[in-house]
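Please keep the sequence and the coordinates side by side while reading. The paragraphs below go from one helix to the next, and then to the rings, the cysteines and the loops.

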Amino acid sequence: MRVITNTAEPSYKISPKSKAVLPLGMVLFLLYAWVCVGRPQEMVPALTVLRLGLVTGGLALLAWFRAPGWFTEKIPIEVPIVRDVMILLGVALITVPIGVWPGHSLLFLFNVFLKTILLFFMVIYWCRTVGDVRRLLWVYCIASVAVVIPGVIFGQTGQERYSVGSLSYDPNDIALLQVMALPLIVYLYSTSGRHARFVLAGMALLCLYGVVLTQSRGGFLALVVAGSLILSRSSMSRSTKLSIVVVGLVVFGVLAGTAWKERIRTMWDPQTEYDQTAGGRTDVWKASLVLLATHPWGVGIDNFVTAEGLSHGGTGKWSASHNSFLEIAVELGVVGLAVFIRLLVWTMSTLRQIKMSIRPRAPTVFVRKVTSKRATTAPQELDERGHLFQLAEAVQVTLWGFIVGGFFLSQAYSAMLYVMLALSLVLARLAQLRSVTPNAAWRRSPAAAVEPGLRTH
């Protein structure tokens, strides 16, 4: 029998006991998220033999299977965003036999994309309260910042762009990872205590400096868009926004070297043909459109490089798409592109509905605390509606960062994107359970009707 526990306290408040002891499945899920996003096994070669992805993923999958709840709760197919993710997976499977290299597509599907889909569903299941979401954001942000730390410790050599040696992240990908983490760090900063803020300020500094180390022009454009949205549209306090500006001035005005400044200047003052073609991207994009016209049903997932190389007889450089939308279009065809765009539109619409339906308290309401020694002034904590509003803002800005940065990168199947897609559903479910958002954000289903704190007997 399914029993719904409905406590009197808001779901975002965590009891001291729950702070000390987390469910094993939640712990394994967070470890798996850290491995998927931070890729520690690629940054530290000695960890390769431990097979961290296989071990944490296998244990997290087992815990997810054994966790309470119906199948429709773990994979709520009635929800539009979930349905589109499953359609993308189905299209990827269908295009395997018609692709230019079926064996490679099958390998990528099972070794990479299915693991990303698994992470997507784990986020939906395990994040049942605002407190759970905050735990995931801490793991996500720490994992993202950790990618930059080796570059800070060992520095760069001359004009060399920072690359951690990861198979998953090149310099441009590292920059995008930092940009997507920054709005989430800002949210945590604006809603955390003094000691946590000190740590988060350092993390924000590392994020911005990571963009400088990579010298990524696409990453810088994404940062400009994300930063502008944070400063212009965010409901966060003025002190938080001022802190962001100060950190940005320190990084780009003081720490950024001449190599980064000269590379960024080529965006409006191109010096070579390479600069004029956006690093050769415009030529690849033209070739992508030809491939899409000749292969409208797709060349198979992760087969873009192979198809592009074969298109010019295998001579010369075999290039990646350098554009997430063209990557999907060429590999999964026009159907895949349509579903991918609809997926992003659905997600943005969901986040917008949450924000429109919530009227949070002012984020910087100060109350008087009287102690035995003296009276102090401290910020009042946001209620759950305030947290949901700011979380929806942060995830929305993060997705805009992906859309801008992803226009120059091949990251259509990245874990960082699917974590944000899943988080939008988590926020919609939390909002609907509090009756503050329309049903369109999270369609009524068995999963939507379950309150946080579900127990099965």
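**A walk through the helices and their contacts**

The buried residues of helix α2 are Gly25, Met26, Leu28, Phe29, Leu30, Tyr32, Ala33, Val35, Cys36, Val37 and Gly38, where buried means under 20% relative accessible area, exposed means over 50%, and partly exposed lies in between (1.4 Å probe, protein chains only). With 11 of its 15 residues buried, α2 is mostly covered. This is a predicted model, in which local features need a pLDDT of at least 70 and side-chain atom pairs count only at pLDDT 80 or more, while totals for chains, interfaces and linings use all residues. Residues are numbered from 1 along each chain as its sequence is written, and side-chain values use heavy atoms, with hydrogens and water left out.

Helices here are DSSP runs (H or I, at least four residues), numbered from the N terminus, and the expected span of a helix is 1.5 Å times one less than its number of residues. For α2, which covers residues 24-38, the expected span is 21 Å, and the end C-alpha atoms are 21 Å apart, so the two values agree. Helix α18 (residues 324-357) departs from this: with 34 residues, a straight helix would reach 50 Å, but the end C-alpha atoms of α18 are only 32 Å apart. Where does α18 bend? The bend is at leucine 332 and amounts to about 135 degrees, the angle being taken between axes fitted to the seven residues ending there and the seven starting there.

At the start of α18, a side-chain oxygen of asparagine 323 comes to within 2.9 Å of the backbone nitrogen of phenylalanine 325. Asparagine 323 also has its C-alpha atom 4.7 Å from that of leucine 409, although the two residues are 86 apart along the chain. Leucine 409 belongs to the loop between α19 (384-406) and α20, and its relative accessible area of 6% is why it counts as buried. Another residue of α18's surroundings is histidine 322, found in the loop between α17 (304-311) and α18; with 22% relative accessibility, histidine 322 counts as partly exposed. Histidine 322 has a positive phi of about 55 degrees although it is not a glycine. Arginine 39, in the loop between α2 and α3 (40-43), likewise has a positive phi, of about 50 degrees, and is not a glycine. Most residues other than glycine have a negative phi.

Turning to polar and charged side chains, aspartate 84 lies in helix α6 (residues 80-94) and is buried, because its relative accessibility is 1%. The side chains of aspartate 84 and arginine 342 are joined by a polar contact of 2.6 Å, a term for a pair of N or O atoms within 3.5 Å in which, within protein, one must be able to donate a hydrogen and the other to accept it, and for which residues adjacent in sequence count only if both atoms are side-chain atoms. Lysine 74 lies over the face of tyrosine 125, at 5.8 Å from the ring centre, and arginine 197 lies over the face of tyrosine 189, at 4.8 Å from the ring centre; a charge sits over a ring if NZ of Lys or CZ of Arg is within 6 Å of the ring centre and within 35 degrees of the ring normal.

How many aromatic pairs does a search of the whole structure find? The search finds 14, counting rings of Phe, Tyr and Trp (its six-membered ring) whose centres lie within 6.5 Å, with planes under 30 degrees apart called stacked, over 60 edge-to-face and the rest tilted. Phenylalanine 120 and tyrosine 418 have ring centres 6.4 Å apart and planes at 85 degrees, so this pair is edge-to-face. The pair links distant parts of the chain, with phenylalanine 120 in helix α7 (residues 102-126) and tyrosine 418 in helix α20 (residues 415-433), 298 residues apart. Phenylalanine 325 and phenylalanine 340 form another edge-to-face pair, 5.7 Å centre to centre with 70 degrees between the planes, and both of these residues are buried. Phe108, Phe113, Phe120, Phe121, Tyr413 and Tyr418 form one aromatic cluster.

Finally, a search of the whole structure finds 0 disulfides, a disulfide being a pair of cysteine sulfur atoms within 2.5 Å. For cysteine 141, the nearest cysteine sulfur is that of cysteine 207, 6.9 Å away. Cysteine 141 counts as buried because its relative accessibility is 0%.

Note on methods:
Helices (H or I, at least four residues) and strands (E, at least two) are DSSP runs, numbered from the N terminus.
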